Structures are given as structure tokens and as C-alpha cells.
Amino acid sequence: MMTDSIIIMAAGASSRMKQPSFENELSKEQIESANSKSKVLIEFGRESKPFISYLILNIINSGFKNIYIVSSEDASFFRNNFNDILKMDLNNCNIYFSVQYLPINRKKPLGTADAVFQTMEQFPILKYQSFCVCNGDNLYSVNSLKEIKSTLSKNAFIAYDKQGLKFSKERISSFAIAKIDNKNFLIDIIEKPDKQMVNKSKDSLGKIRVSMNLFKFDGEICYTFFKNCRVNNTRNEKEIPDVLKKMIVDNKKNIKALLMNDDVLDLTSKNDIIGLHKYLS
């Protein structure tokens, strides 16, 4: 069944954005903005719109009606003034905010799986219907968003052709590889694979597939898995790939890989700002 709902994960700590940059083209204003704002609120383009506005525009243009934005506890100004901050027409969609509360003794959010779980808790309707999930710091194309929205598979993700992603070789080598079978169902997600593992993970078309965190879930199926997701020992967070692995192993739930040759724009560090300014201007 198709869905009209999507969760945007935008409560991250933006820690990599705060690190020093080797990009000499950045102005003082751009550096100050990157150091002081949530990265999804860094402004781009002639109208100086925040990054998340461009993502929401593509989401609306792909047909989504209900947009759930995961925000941090200290983002009350954004939640209360989002109409003015986003600088766009929101009449064709419904915007809802969830808050990713921090556990005691933690300074950073507990991860992407926790973001989805807390949103499902705050909006219980999501426990009984299908919805999509995406990163707030990625700009996905309308084509990719339409593909994940319209799939009839209950649980799915966009499996990007590695060669279609226009990242540097060094950067893309750090991405997790999605291993899929000959019917395009997910077998495993491999974090930081070596070259031998990458070659063994090619799909039936000989392509290496990468997940950029664009998913669809069936609420009734996935809720328990998000609720019971354990903290990843490596990252010290609860991560969506661990939810997917558990769904496959424990419940034999089929997670469909939707094959795409498309690019995704990413806003992770200061080094991404100049390229995005050129693209969005």
C-alpha cells in the first residue's frame, strides 16, 4: 500500500558540521552559520532558505501529505516559528513535530532508530499505518521520493547504484553496502566493508548498492523492532540498519530493495556548503 506520511530525522547534534573546514571559499558568515545553527537550518539560494526547506519542497512535489519532523529538545523556537523560518508554502501538507528526548546522562541523541521510535510513540497513528523515513541532511530527488512513496511493498528502501552517487571515492567508501538477493530483497547491511566483501555484495546486475537512509516501513510490523532495538556497540546509538537486520533474521520480514541510479546531495560538514550553494542558487 502506498503512503502519504514521511518522517524527517532532523534532531542530530551536527557535530561534524562544527569541526574545522579546509574549504577556503567559505565566508566568515557561512562559517558562523555552520557553527551556530542546526545544519538543516543553514541557508542556501537566492532566497536564503534553510536546507530542510528544499527537502520538504521535494517531499511535497512527490505527493506526501503528512510530514513528521524529528526535532531536538532545544529546538522550540524552530517548532514555534517554522512557517517563518522555512520560507515556503506549506498549505499542501500537514507538518507535525516530534521531539527526540535525550536519555539521562547522554549529551547526544540516541540514534536514528530511537528517532523513529519516539515519533511513533508521540504519534500513535504511525503504529498502525505505513510511513517513510529519510535523513534531514540529505536532499533526495523527487524521483527517489516518488519511488519509495509509491511502492506496494510493506517494508522497503532505496538501493542506490554506488556509481550514480557523485561523492568522492574516499567518502563513498565509508558508506554501508546493502547486500540483496536475486529477487531484490535485503539480505544484509555491511558497515565499512573491505574490498573483498564489496565485490561479494554485487547484485544480479553487477552493481554495488548503497543505502542513503530512505526507507518505507509498515507500522504494525516494525514497531516492536524499533522499540526493542539495542544500542550499537560501535556507534553507541540505536541505528535503523540494526532494526532492518533484526526484522530479517528474527521475523523473516521481506525488505524490498528499490533499485535507483540517482544522486543524493548531502550536508554533513562545512566542506559540503560551497557545492550546495552552487547547486541551490
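How exposed is K87, going by its relative accessibility? At 36%, K87 counts as partly exposed. That residue comes back below, along with a few others that have something to say. One caveat up front: this is a predicted model.

## The overall picture

Let's start with the whole chain. The protein chain carries eleven helices and 13 strands. Along the principal axes, its C-alpha atoms fill a box of roughly 50 × 40 × 40 Å. The radius of gyration is 18 Å, which agrees with the value near 19 Å that a compact globule of 281 residues would have.

What share of the 281 residues is buried? Buried residues make up 55% of them. Contacts reach a long way along the sequence too: taking those between residues at least 6 apart, 76% join residues at least 24 apart.

## Surface and charge

The protein chain exposes about 14400 Å², and carbon and sulfur atoms supply 47% of that area. As for charge, there are 41 positive and 32 negative charges, and their mean positions sit 4 Å apart.

Side chains of opposite charge can pair when their charged atoms come close. How many salt bridges does that give here? The count comes to nine, and three of the pairs are worth a look one by one.

## K87 and E43

Back to K87, then. K87 forms a salt bridge with E43, with the closest N and O atoms 3.7 Å apart. K87 lies in the loop between α4 (82-86) and β5 (94-100), while E43 belongs to strand β2 (residues 43-44), so the pair ties together parts that are 44 residues apart in sequence. E43 is partly exposed, at a relative accessible area of 30%, and K87 is partly exposed as well, at 36%.

K87 has a backbone quirk on top of that: its phi is positive, about 55 degrees, although K87 is not a glycine. S48 is another residue with a positive phi, about 50 degrees, and it isn't a glycine either. S48 lies in the loop between β2 and β3 (49-50). With 30% relative accessibility, S48 counts as partly exposed.

## Two more salt bridges

Which residue pairs with K127? The partner is E121, and the closest N and O atoms are 3.0 Å apart. The two ends of this bridge fall into opposite bins for burial: K127 is buried, with a relative accessible area of 18%, whereas E121 is partly exposed at 36%.

The D250 and K246 pair is a local affair. Their closest N and O atoms are 3.5 Å apart, which makes a salt bridge by the 4 Å rule. Both residues lie in helix α10, four residues apart, or about one turn of the helix. D250 counts as partly exposed at 45% relative accessibility, and K246 likewise at 43%.

## K238, a lysine without a bridge

Now for a lysine that goes without. K238 sits in the loop between α9 (219-227) and α10 (240-251). Is K238 buried or exposed? K238 is buried, yet has no salt bridge. The nearest side chain of opposite charge is D114, 5.2 Å away; a salt bridge needs the side-chain nitrogen within 4 Å of a carboxyl oxygen, so D114 does not qualify.

What does K238 touch, leaving aside residues up to four places away in sequence? The contacts are L110, G111, T112, A113, D114, C229, R230 and V231. So D114 does turn up among the residues that K238 touches, even though the two form no salt bridge.

## F175 in its loop

Last stop: F175, found in the loop between α7 (169-172) and β9 (177-180). F175 is buried, with a relative accessible area of 15%. Not counting residues up to four places away in sequence, F175 touches F167, P193, V210 and M212.

How far from F175 is L259 in space? The C-alpha atoms of F175 and L259 are 17 Å apart, with their positions 84 residues apart in sequence.

Terms used:
Residues are numbered from 1 along each chain as its sequence is written. This is a predicted model: local features need pLDDT of at least 70, side-chain atom pairs count only at pLDDT 80 or more; totals for chains, interfaces and linings use all residues. Side-chain values use heavy atoms; hydrogens and water are left out. Helices (H or I, at least four residues) and strands (E, at least two) are DSSP runs, numbered from the N terminus. Buried means under 20% relative accessible area, exposed over 50%, partly exposed in between (1.4 Å probe, protein chains only). Lys and Arg count as positive and Asp and Glu as negative; His and the chain ends are not counted. Contact means heavy atoms within 4.5 Å. The radius of gyration is taken over C-alpha atoms; the globule rule is 2.2 Å times the number of residues to the power 0.38. Accessible areas come from the Shrake-Rupley method with a 1.4 Å probe; for residues, only the protein chains shown count as cover. The place of a charge is taken as NZ of Lys, CZ of Arg, CG of Asp or CD of Glu.
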